[in-house]
Amino acid sequence: MTGEHMAYCLAPLADIEPASFAIPARACDTHAHVVADDLQRYPMVAERSYTPPPATETDYLRMLGATGMQRGVLVQISVYGTDNRYMLEVLSRHPDSLRGIAVVDADVSEQELERMHQLGVRGLRINVLFGGGIGFAAMERLAAKIRPLGWHMQFLMDAVQIPELMPRLERLPVIGVVDHMGHTPVAAGVEGPAMQGLLHPMQHKGWWVKLSGAYRIGEDFPGFRDVVPWARALYQAAPTQCVWGSDWPHVALTRMPDTGALRNQLPLWLPTQADLEQVLVHNPQKLYGFAPA
């Protein structure tokens, strides 16, 4: 089935479970996407893996408010390929509270990267799991181009690939951020090669990980208690290199989780209020260049 004939993904739930803990001021959701409601102006690429329903700027800001987040990071969604226009337009209207992660071709100009920086972009995404992304072939060229800007490279990949790729990854002149806790089933176990592949660059190369996407790695719907040991292991390994993201609007799923319930997993992963503030406030402020508290 081609992208043009795909049915829409499930839409995110309208109601959001209230917070089960005290959300600190300037808390940040570091992983969400926006999707325009105008397919003519913002067409999706034919080679996409799914078709999301609209998740507009208004919808996104409503979700941020409902989850108690005052800051956010938008990640270019794969269905737009390298057409970052909608995300950049949203960023331009919220320079103090939003940042972005873009997707670009290897031949992108330094002038375009600088323009994106001024709009709030702080990294590039390498995506080898969904159609429409930019893969490993481009990462060395792109890493060299973004180094002067102080950006990082964000990876949507299965952590089991990390050991094989480590010789290339270690030579990159920028740090890496791994999406969705490595996007590998937690059934593999915290002693398995995927977790060990994640921990090595975190502990030895200063890489980061997003404590996000529990529903992409766990089976215990809707609470995903099976993810707790995995998330705790990552945080304990590098407390200053973990951030949290909702992954709203939760695309390409057969069961839709509650965004508020996903946020409420955090106290199970992070034992103290200081830990929550580390992940929700201090770490994203450093990684994305938000103004100090």
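This is a short chat about a predicted model, covering one strand, its neighbours, some aromatic pairs and the internal spaces.

Visitor: Let's start with strand E3. Is it mostly covered or mostly open?

Guide: Mostly covered. E3 spans residues 98-102, and five of its five residues are buried.

Visitor: Which residues sit on which side of E3?

Guide: Leu98, Gly100 and Ala102 are on one side. Arg99 and Ile101 are on the other. Both faces are covered.

Visitor: Why the every-other-residue split between the faces?

Guide: Because side chains in a regular strand alternate between the two faces of the sheet.

Visitor: What does E3 pair with on the E2 side, and in what sense?

Guide: Strand E2, residues 71-75, pairs with E3 in the parallel sense. There are four bridges. Take Val73 as an example: its bridge partner in E3 is Arg99.

Visitor: How does the chain get from E2 to E3?

Guide: Through helix H2, residues 85-92. That β-α-β crossover is right-handed.

Visitor: And E4? How many bridges join it to E3?

Guide: Three, and the two strands run parallel. E4 covers residues 121-127. Gly100 has Val121 as its bridge partner there.

Visitor: Which helix goes with E3 and E4, and what is the hand of that unit?

Guide: Helix H3, residues 110-119. With E3 and E4 it makes a right-handed β-α-β unit.

Visitor: New topic. How many aromatic pairs are there?

Guide: Four, from a search of the whole structure. One of them is Tyr60 with Trp248: the ring centres are 6.1 Å apart and the planes are at 40 degrees, so the pair is tilted.

Visitor: Why call 40 degrees tilted?

Guide: Under 30 degrees would count as stacked and over 60 as edge-to-face; 40 degrees fits neither, so this pair is tilted.

Visitor: Where do Tyr60 and Trp248 lie?

Guide: Tyr60 is in helix H1, residues 57-67. Trp248 is in the loop between strand E8 (242-244) and helix H9 (259-263). The pair therefore ties together parts that are 188 residues apart in sequence.

Visitor: Are those two buried or exposed?

Guide: Both Tyr60 and Trp248 are buried.

Visitor: What about Phe221 and Phe224? What geometry?

Guide: Edge-to-face. The distance is 5.8 Å centre to centre, with 90 degrees between the planes.

Visitor: How covered is each ring's residue?

Guide: Phe224 is buried, at 2% relative accessibility. Phe221 is partly exposed, with a relative accessible area of 28%.

Visitor: On to pockets. How much space is in the largest one?

Guide: About 210 Å³. Trp248 turns up again in its lining, and Asp59, Arg62, Met63 and Ala66 are also among the lining residues. So are Pro12, Leu13 and Ala14.

Visitor: What's the lining like by class?

Guide: Eight nonpolar, no polar and three charged residues.

Visitor: And enclosed spaces? How many cavities of 30 Å³ or more?

Guide: Two. The largest has a volume of about 90 Å³, and the second largest holds about 40 Å³.

Visitor: What lines the largest cavity?

Guide: It has 13 lining residues. His33, Arg125, Phe130, Leu156 and Val251 lie nearest its centre. By class, the lining has four nonpolar, six polar and three charged residues.

Visitor: And the second largest cavity? Which residues line it?

Guide: Among them are Leu211, Ser212, Trp244, Gln265 and Trp269. The lining divides into five nonpolar, five polar and no charged residues.

Terms used: Residues are numbered from 1 along each chain as its sequence is written. This is a predicted model: local features need pLDDT of at least 70, side-chain atom pairs count only at pLDDT 80 or more; totals for chains, interfaces and linings use all residues. Side-chain values use heavy atoms; hydrogens and water are left out. Rings of Phe, Tyr and Trp (its six-membered ring) pair if their centres lie within 6.5 Å; planes under 30 degrees apart count as stacked, over 60 as edge-to-face and the rest as tilted. Buried means under 20% relative accessible area, exposed over 50%, partly exposed in between (1.4 Å probe, protein chains only). Two strands pair if DSSP finds at least two bridges between them. A crossover is right-handed if, with the strands pointing away from the viewer, the path from the first strand over the helix to the second runs clockwise. On a 1 Å grid over the protein atoms alone, a cavity is a set of points where a 1.4 Å probe fits but cannot get out, and a pocket is an open set with protein on both sides within 12 Å along at least five of seven lines; lining residues have an atom within 4 Å of a point. Grid points are joined across faces, edges and corners, and a volume is the space filled by probe spheres set on the points. Ala, Val, Leu, Ile, Met, Phe, Trp, Tyr, Cys and Pro count as nonpolar, Asp, Glu, Lys and Arg as charged, and the others, Gly among them, as polar.
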